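Me: I should like to study a protein model by means of short questions and reasoned replies. Please begin with one part of the model and then proceed to the whole.

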Amino acid sequence: MMQFHHHGYVSQDPRVLPAEGIGSDRSVDLPDEIDVLIVGSGPAGMLLAAQMSQYPGVNTRIIEKREGRLVLGQADGIQPRSVETFQAFGFAPRIIAEAYNIGWMNFWGPDPDNVNNIIRTARTADYAYDICEFPHLIVNQARVLDYFAEAALNGPGRIVPDYGVEFLGLTVHDEGEYPVEVRVRDSSGERTVRAKYVAGCDGARSGVREAIGRKHVGGKSAHAWGVMDVLVNTDFPDWRTKCAINAEAGNILHIPREGGYLSRMYIDLGAVADDDDHRVRQTPIEEIIRRANEIMHPYSIDVKNVAWHSVYEVGHRVTDGFDDVIDGSGRTPRVFLTGDACHTHSAKAGQGMNVSMQDGFNLGWKLGSVLTGRSSEALLATYGAERKPVAQQLIDFDREWSSLMARKPEEISDPQELATYYLATAEFPSGFMTQYTSSMITGTDAHQALAVGFPLGKRFKSAEVIRICDGNVIHLGHHAKADGRWRVYAFGDRDGSALDAWAARAADVFARFTPADADVDAVFDVKAIYQQPFEECEVTSVPELFQPKTGPFGLTDWEKAYSAGPSKWTETDIFEARELSRDGVVIVVRPDQYVAGIFPLDAVDELGDFLASALLPA
């Protein structure tokens, strides 16, 4: 899947890209002036750093008040959409290899013959492979951050966190090239730096949120949960299977962890009194373990080691805005909030880290596009417009899921209800329900009928195709990397003549937005998918648009032309699988993998008009 050597022979790890721009001369000390300052090295912040490393002309720094990498993270659920994102950043296979793969979720309830005991009431296959080709994983947040840190370091921008630097506050000025004045404290004391843009990725108690006057809206439920990562011996038969346990004595969400031995348990601690004043948070680990054993009766756990534990009260909050534009003035946002800084909820739906990473993915390419002159500053207003509704969907889903998890047995009329809800709502927790509405970067659905399986505004759902140059079967979407480029997939007509005509005209459209001194595919990665069997296609006969010459030697890229199956190695015909018109269709996909536009092959002018709304002429 990797392409290299086009700039000369590469003998070292090809994942380590040559340093460029800022990456070639990175200062050790935090500079006085910064293009993008990321505050906090959580999931959103580290993904954002990895993305910005693909823009080496943009001076990006990430500060973290901790003195080093996170050792033990609280989040661990990795939904399929996140694994798809890991693929774009180049580390999906490696993290899958070390993670726990959730293949099943089992449900337990009171034994009708003895309500003090629990019995298995349902065994359900996990939803991941019903929805996409990526699994549903469990792996510690610390390892996710490690992989993004590696991607940030290996990118041409060579970004590494500045540890031991604490954010103190900021002021946004009305003018100046670096209008955001940021106060920080490091080992040498307090100082001020200036930035063009600041991303607040600093968690639920966000100092950046407070500095721009944004407020969390919502409250907590009157219910507390203990959570612990434990090594145990047990007679519970589903210890290595994800389980929801609903018993007379309370509820447990049990999640096996990576490594084959560790498991996480969320244990119901019951209702919280109005005058509790957070005293429930002092519940000792011994009481949490006792409660777990009470709920699991007649089974028990013998805890040998507690790696981590905590107590939390469920809260559901969304910030009143995701950037610093509060007055409706229409000015360009300068400060952005991501992750827990703008949405908090329970951990039991496994969404916090996942939605946070998509915040970072959404924001990163937009900052990169604006700061490299590809797009106007108006693009930055779409971050909050797109991500705030997603956060509200998350809160609504989590409120319902956590309420279902906390019910008493007598409140449940159907023992299968929780299992049914789990499977029926699978598209949301898997990360695939997000659908962005029409904007400067998402067109209209006027031509949706040409590509039913690629809903406008949803992420591009990959399928297998055959690479014409060598006959290999690949997933079309897996070739798309998080490099800031737009993807254009041109699906051919029955005999290919309309596709050839489209390519001749569209080449001029793409050239309009591509710098003259850049590779021809520096902004758009354009691929052709023919209906004909690959044995009937000759790669050297495809239009020049699909055979770009790139790099300093002007070498032909052979990997832009594909054929639909089926073949000896795949049963998939992408035209059938994604309900694509046999008259051909063009799918435009944003750098964060969401379908931005759908066009007939004869609508080249319409394609050009859409791109002109999202991009500036080169």
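Reply: Let us begin with a cysteine. Cys-342 is buried, with a relative accessible area of 0%, where buried means under 20% relative accessible area, exposed over 50% and partly exposed in between, for a 1.4 Å probe and protein chains only. The model is predicted: local features need pLDDT of at least 70, side-chain atom pairs count only at pLDDT 80 or more, and totals for chains, interfaces and linings use all residues. Residues are numbered from 1 along each chain as its sequence is written, and side-chain values use heavy atoms, with hydrogens and water left out.

Me: How many disulfides does a search of the whole structure find?

Reply: A disulfide is a pair of cysteine sulfur atoms within 2.5 Å. The search of the whole structure gives a count of 0.

Me: How far from Cys-201 is the nearest cysteine sulfur?

Reply: Cys-201 is itself buried, at a relative accessible area of 9%. Cys-201 is in no disulfide, and its nearest cysteine sulfur belongs to Cys-342, at a distance of 8.9 Å.

Me: Which residues does the salt bridge of Lys-560 link, and how many residues apart are they?

Reply: A salt bridge is a side-chain nitrogen of Lys or Arg within 4 Å of a carboxyl oxygen of Asp or Glu. The side chains of Lys-560 and Asp-521 meet in this way, at 3.2 Å from N to O. Lys-560 lies in the loop between strands E24 and E25, and Asp-521 in the loop between H11 and strand E22; the pair links distant parts of the chain, 39 residues apart.

Me: Is Lys-560 buried or exposed?

Reply: The relative accessible area of Lys-560 is 2%. Its partner Asp-521 has 10% and counts as buried. By its own value, Lys-560 is likewise buried.

Me: Which residue forms a salt bridge with Asp-583?

Reply: Side chains of opposite charge can pair when their charged atoms come close. For Asp-583, the closest N and O atoms of the salt bridge are 2.6 Å apart. Both residues of the pair are exposed. The partner is Arg-494.

Me: How many salt bridges does a search of the whole structure find?

Reply: Some share partners: one network includes Asp-483, Arg-485 and Lys-560. For the whole structure, the search gives 47.

Me: What percentage of the residues in the protein chain is buried?

Reply: The protein chain has 618 residues. Its C-alpha atoms fill a box of roughly 75 × 60 × 50 Å, taken along the principal axes. The buried residues make up 58%.

Note on methods
Helix = DSSP H or I, 4+ residues; strand = E, 2+ residues; numbered from the N terminus.
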